[in-house]
Amino acid sequence: MSGPLPSLNALKAFEATARHRSMTLAADELCVTHGAISRHIRGLEQALGVILVNRRAHSTEPTLEGLRLAEGLASAFGLMQASVERVRPGPLTLSCSSSIMMGWIIPRIGQFHERHPHIALQFNMNYDQVDFVRDKISLAIRSSVIEPPKDAIIRELGGEAIGPVCSPEYLSRSGILCPGDMENAALLSTRTRPQAWSDWQAIAGRTDLRLVSQSAFDHFYLLIQAAACGLGIAVVPQMLVLDQLASGRLVAPFGFLPGPRRMVLWIAPHIAGRPDALALERWLTAEMHARPDT
């Protein structure tokens, strides 16, 4: 017969250490001291009779046995948390980039609350990979180029159209009448998508142009604000500037073209059948399909 299981705290301490490759980060996550993490792992190694981590000066690397144990523990803890969430549902958490949040979600979310006043909704501003259970994410809006979680239920939200935009004043001042005129313009870009200008050139068939950005911003919403303030011209997704185009703060002198990316919705499997999650999924899908670029 197999012996008793090691303590749950020791298993949690080891799984967090193996995931972060750091006892310090594991201690921060679990709100305990570095010494407590170290003692848990040493005790676990003694109980199992194997070395689980190689302790180095600036990192803690799992051994082969440690990697196997960590993989199983991650799945087990995820299953435990998901099981709890099924019977103790909390507010839905929608994850998306800060630019999508500011440029698309916030101007529209009031409509969702009017239709579903009983649904509690909170937000997570992130545009990278997620662990649904560990990060407490219910649904996530992502670009198709980002690798989804293995257990994600994926729904297509539609294509992403991109195009150059600027303020009406800048367009008049710079004398941009055709795409070639942008070679002498102040080109703006974002560090989150530095290839935006080359993407647009490829789909517009204008790879002959020498378009080099002179200013880069950390996020699309900062880039859009810079363009609206007349600092230059930028290639942006149409969905992020619908309101600015409608108000006249921005113009798109050459329109928008289907870009190389698509928008998708990741849904956590343990909440996929909940009525509130289904309502949010249907609303997001309908809003995306109502965009002029889909």
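Arg-21 sits in the loop that links α1 (8-20) to α2 (23-30). This is a predicted model, and in it the phi angle of Arg-21 comes out near 60°, a positive value for a residue that isn't glycine. Is Arg-21 buried, exposed or somewhere in between? Its relative accessibility is 33%, so Arg-21 counts as partly exposed.

Lys-136 is another one to look at. You'll find Lys-136 in the loop between β4 (121-125) and β5. Phi is near 55° here, again positive in a non-glycine residue. Lys-136 is exposed, with 56% relative accessible area.

Here are those two loop residues alongside Ser-98, which belongs to helix α5.

| Residue | Relative accessible area | Class |
|---|---|---|
| Arg-21 | 33% | partly exposed |
| Lys-136 | 56% | exposed |
| Ser-98 | 16% | buried |

Ser-98 counts as buried because its 16% falls under the 20% cut-off. Which residues does Ser-98 touch, leaving aside those up to four places away in sequence? They are Met-125, His-219 and Tyr-221.

Back towards the start of the chain, an unreviewed UniProt entry annotates residues 6-63 as "domain: HTH lysR-type". In the model, that span is 62% helix and 10% strand, and the C-alpha atoms at its two ends are 19 Å apart.

Now for the inside of the protein. In soluble globular proteins, nonpolar side chains tend to be buried together. The largest nonpolar core in this model has 50 residues, and Ile-100, Ile-105, Ile-141, Leu-280 and Leu-284 are the ones with the most contacts inside it. Several helices and strands put two or more residues into this core, including β3 (92-96), α5 (98-115), β5 (139-143), β6 (153-165) and α10 (275-289). Also on that list are α8 (220-228), β9 (233-237) and β10 (257-267). Where does this core lie relative to domain 2 and domain 3? It lies between them, because domain 2 (92-156 + 263-289) and domain 3 (160-261) both contribute residues to it.

Ile-100 is a handy place to start if you're clicking around the structure. Not counting residues up to four places away in sequence, Ile-100 touches Ile-105, Tyr-127, Ile-141, Met-239, Leu-240 and Met-263. Two of these partners, Ile-105 and Ile-141, are also among the core residues with the most contacts.

There is a second core too, separate from the big one, with 16 residues. Leu-11, Ala-13, Ala-16 and Phe-77 are among them.

How values were computed: Residues numbered from 1 in each chain as written. Predicted model: local features only at pLDDT ≥ 70, side-chain atom pairs only at ≥ 80, totals over all residues. Heavy atoms only, no water. UniProt positions renumbered as here; feature names shortened; annotations may be inferred. Helix = DSSP H or I, 4+ residues; strand = E, 2+ residues; numbered from the N terminus. Core = buried A, V, L, I, M, F, W, Y, C linked by side-chain atoms within 4.5 Å. Buried < 20%, exposed > 50% of the residue type's maximum accessible area, 1.4 Å probe, protein only. Domains from an automatic or database assignment. Contact = heavy atoms within 4.5 Å.
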